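The following exercises concern a protein model and the arrangement of its helices and strands. Each task is followed by a solution in steps.

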Amino acid sequence: MTEVLKLNQLTKLFGGLTAVSQVDMTLNKGELIGLIGPNGAGKTTIFNLLTGVYVPSKGDILFMGKSISGKKPYQVTAEGVARTFQNIRLFADLSVLDNVKIAYHWHGKYNLASSLLRLPGYFAGEKKMTEDAVELLDIFNLADKKDEIAKNLPYGLQRRLEIARALAAGPKLLLLDEPAAGMNPLETRDLMDLIRWIRNEFNLTVLLIEHDMSLVMGVCERIYVLDYGKIIAEGLPDEIKANPKVIEAYLGEEVSYA
Ligand SMILES: Nc1ncnc2c1ncn2[C@@H]1O[C@H](COP(=O)(O)OP(=O)(O)OP(=O)(O)O)[C@@H](O)[C@H]1O
């Protein structure tokens, strides 16, 4: 089994606050893993550490066996890690198509000189990129919206577009931060199917933060539970549901497994 991601004693302090504390985690190739925990548990901080937004205070992050701790976000993207955000971050005033095409530039199909000089390679590359982008949008049922301005899309479609854009960067590891936030139950169910499908189709490993328990339990093969920055449980969805530590951590929060 190939280890795609390994966190060794990952720790992040903000002043006196330990937001992430000695977290160990392993993701194997092709796994779809959930990261859950009450508000403020440190989930998004882990994503920010994984993507180079923050530098770990202690511990290490290994991606495909190589340390990526301390790398800049663009370097982490180039290594093959892509993410979506809790609060959607699209280029709001660009078209749906351009939002995806921008991400393709990460693994540019042509070099800077050919792009500046508009050499034949540039036009061929540009055409191929547009075709690829439209194909990707088609998978996400967004091809007919390709010329719309991103901010004018309904919320659920903006979330889909964000995932499409993340995939355009050609990741090996996809990090999804609350992909179902703000979606209705039908949209959530569609999204679950889509996440499972893209994992298979794009040969991905997926780590998913989610508050919607039905989504987490329905789609994830294994789950890590974080509370006050520490991993308090790890296991199969049924094990997690029945784990007293998890139930206690969630006491006072309304949890629905429906
Ligand atoms: N840049 C920062 N500076 C100081 N404290 C921070 C910073 N970012 C996060 N924190 C704190 O770290 C802790 C973990 O926050 P984080 O956003 O990672 O939690 P979370 O599990 O993603 O929460 P939520 O489910 O509400 O999104 C919180 O106490 C938060 O206030």
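Two residues are in contact if their C-beta atoms, placed from the backbone, lie within 7 Å. The model examined here is predicted.

**Exercise 1. Determine the order of the strands in the open sheet of six strands, and state which strands lie at its edges.**

Solution.
- Step 1. Strands pair through backbone hydrogen bonds, in either the parallel or the antiparallel sense.
- Step 2. Following the pairs across the open sheet gives the order E6-E7-E8-E3-E9-E10, and the pairing is mixed.
- Step 3. Strand E6 (81–83) and strand E10 (230–235) each pair on one side only, and they are the edge strands.
- Step 4. On average, neighbouring strands of this sheet are turned by 20 degrees against each other, direction ignored.
- Step 5. One pair within the sheet consists of E3 (residues 32–36) and E8 (residues 205–209), which are parallel and share four bridges. Here Gly34 has Leu208 of E8 as its bridge partner.

**Exercise 2. Identify the strands that helix H1 lies across, and describe its direction relative to E7.**

Solution.
- Step 1. Helix H1 lies across E3, E6, E7 (173–177), E8 and E9 (222–227).
- Step 2. Relative to E7, helix H1 runs at about 145 degrees.
- Step 3. H1 (43–50) also takes part in the shell around the ligand: H1 and strand E2 (17–28) each supply at least two residues. The largest share, three residues, comes from H1.
- Step 4. By character, the residues of this shell comprise four nonpolar, seven polar and one charged.

**Exercise 3. Describe how helices H3 and H6 pack against each other.**

Solution.
- Step 1. Two packed helices are described by the angle between their axes and the distance between the axes.
- Step 2. For H3 (residues 96–104) and H6 (residues 155–168), the angle is about 25 degrees and the axes are 7 Å apart.
- Step 3. Angles under 35 degrees count as roughly parallel, and therefore H3 is roughly parallel to H6.
- Step 4. The crossing of H3 with H6 is right-handed.
- Step 5. The contact is made by Val96, Asn99, Val100, Ala103 and Tyr104 from H3, together with Leu161, Ala164, Arg165 and Ala168 from H6. These residues divide into seven nonpolar, one polar and one charged.

**Exercise 4. State in which sense E4 pairs with E5, and describe their hairpin.**

Solution.
- Step 1. E4 and E5 (residues 66–67) pair in the antiparallel sense over two bridges, with Phe63 opposite Lys66 in E5.
- Step 2. The hairpin has two residues between the strands, and Met64 takes a positive phi near 50 degrees.
- Step 3. E4 (residues 58–63) is also joined to E1 (residues 3–14) by five bridges, and these two strands run antiparallel.

Note on methods: Residues numbered from 1 in each chain as written. Predicted model: local features only at pLDDT ≥ 70, side-chain atom pairs only at ≥ 80, totals over all residues. Nonpolar A, V, L, I, M, F, W, Y, C, P; charged D, E, K, R; others polar. Pairing = 2+ DSSP bridges. Axes fitted to C-alpha atoms, helices over the stretch in contact; angles between N-to-C directions. Parallel < 35°, antiparallel > 145°, perpendicular 65-115°, else oblique. Left-handed = near helix turned anticlockwise from the far one by under 90°.
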